[in-house]
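Open the model in your viewer and keep the sequence panel beside it. The stops below say what to select and what is there.

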Amino acid sequence: MNRFPDGAHVWLRSRARRGYYVYADEDGSGVSLSTDRATLNAAWQVHRIAREGVSYVLLLSAAYGRYLALSASSARDGHRGHAAAQSDFSEPQQLNIRWRAVSALDGSGDVLLRCNLGVGEERYLRANGRYRRWNSGVTVDVLGNGSTMMHWTVVKIPLRPSPPALPKPSTDLGVPTGLLQRRTGPAMDRQRTIQYMQGNDEGNLLGTKTFSFLGRSVFNLTKEVATQVRVDMFTITLCVHAGFHGRLTPLVVDLPHSEDPLDIVILPSSSPAAMALRHPNVDAPEPAPSI
């Protein structure tokens with residue numbers, strides 16, 4: 001479907017819940033609806049694959065590099081179907097991240113996104129909260145009566161001409177500042193394992209090393225990685241590598257609220273591989289919905 005060209009970035013806007021977009025939650029695992037369009041959490045990059053002659057759409061978060069997926073968990077109370085999630089792309093035949101885009105039959109130009117786990121197991125991405133507006137989870141459910149809660153407007157995001165600046169690191173030390181005040185910052189953040197691989201100019205990976213990292217600051221992480229590999233931090237680009245078969249996603253936002261290990265690839269910023277990375281301009285006015 002031409003609304004999902006490979007490599008493009010898109011917003012998925014709910015038709016039934018106007019002004020709400022599919023959003024990669026900051027825990028790095030959940031998916032919800034949000035009105036905050038001007039953030040990488042609401043941007044998804046298209047990754048097209050073909051299996052046995054069938055073309056599939058995969059959608060990876062521009063924030064954390066993980067793929068929009070059907071989870072094995074039932075949706076929480078007040079929501080229908082199974083929960084949508086962020087997932088690594090670890091197996092070549094992985095089914096829960098494959099989507100087929102189906103045109104809505106009402107001529108609106110909207111699409112339905114179908115995940116097929118096997119014969120008779122078709123489920124569709126849906127919004128929640130038509131009547132209970134506080135129910136903002138994104139789920140995957142059987143088609144049922146063809147509710148417009150399963151209709152999505154695909155909006156192409158224009159590209160930035162250059163990578164965005166990294167967010168400034170926190171200077172909060174996580175110590176008391178007064179009798180009734182206590183800051184929370186890096187010293188109170190959780191520690192996680194960072195596994196990194198260096199890439200050469202062509203993007204080929206050259207080995208794996210690990211270290212422990214405290215906090216969420218991508219600026220501080222870049223600085224620490226540069227120290228590890230003995231280069232200037234402003235000469236490298238960090239990318240998330242979400243699964244062996246996942247595409248590289250530039251890491252330009254603070255890390256998710258999680259203790260989960262993070263796999264990253266280090267590229268020389270002047271390399272063709274780094275220069276080929278795409279950065280969506282989520283601050284741009286929303287263009288026409290068709291691609």
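Start by selecting Tyr67. This is a predicted model, and in it Tyr67 has a relative accessibility of 0% and therefore counts as buried.

Next, add Phe89 to the selection. Phe89 is buried as well, at a relative accessible area of 2%, because the limit for that label is under 20%. How many aromatic pairs does the count come to? The count comes to 3 aromatic pairs. Among them is the pair of Tyr67 and Phe89, which is edge-to-face, with 5.5 Å from centre to centre and 75 degrees between the planes. Show the backbone around both rings: Tyr67 belongs to strand 6 (residues 67–74), while Phe89 is in the loop between strand 7 (82–87) and strand 8 (100–103), so the pair ties together parts 22 residues apart in sequence.

Two further rings have a charged side chain over them. Select Trp11 and Arg37: Arg37 lies over the face of Trp11, 4.6 Å from the ring centre. Then select Tyr56 and Arg100. Here the charged end of Arg100 sits over the ring of Tyr56, at 5.9 Å from the centre of that ring.

Move on to Ser61, in strand 5 (residues 54–61). Is Ser61 buried or exposed? Ser61 is buried, and its relative accessible area is 0%. Which backbone atom does the side chain of Ser61 reach? It is the backbone nitrogen of Tyr64, at 3.2 Å. Leaving aside residues up to four places away in sequence, Ser61 touches Ala24, Ala43, Trp44, Arg66 and Thr249. Select Thr249 from that list to reach the last stop.

The last stop is a sheet. Colour strands 15 to 19: they form an open sheet of 5 strands in the order 16-15-19-17-18, with mixed pairing. Strand 16 (205–214) and strand 18 (248–250) stand at the edges with a single partner strand each, so one side of each has no neighbour in the sheet. From one strand to the next, the twist averages 35 degrees.

Zoom in on one edge of this sheet. Strand 17 (residues 236–241) and strand 18 run antiparallel and are joined by 3 bridges. Which residue stands opposite Pro250 of strand 18? Select Cys239, which stands opposite Pro250.

Notes:
Residues numbered from 1 in each chain as written. Predicted model: local features only at pLDDT ≥ 70, side-chain atom pairs only at ≥ 80, totals over all residues. Heavy atoms only, no water. Pairing = 2+ DSSP bridges. Helix = DSSP H or I, 4+ residues; strand = E, 2+ residues; numbered from the N terminus. Axes fitted to C-alpha atoms, helices over the stretch in contact; angles between N-to-C directions. Phe/Tyr/Trp six-rings, centres within 6.5 Å; stacked < 30°, edge-to-face > 60°. Buried < 20%, exposed > 50% of the residue type's maximum accessible area, 1.4 Å probe, protein only. Lys NZ or Arg CZ within 6 Å of the ring centre and 35° of its normal. Polar contact = N/O pair within 3.5 Å; in protein donor to acceptor, adjacent residues only side chain to side chain. Contact = heavy atoms within 4.5 Å.
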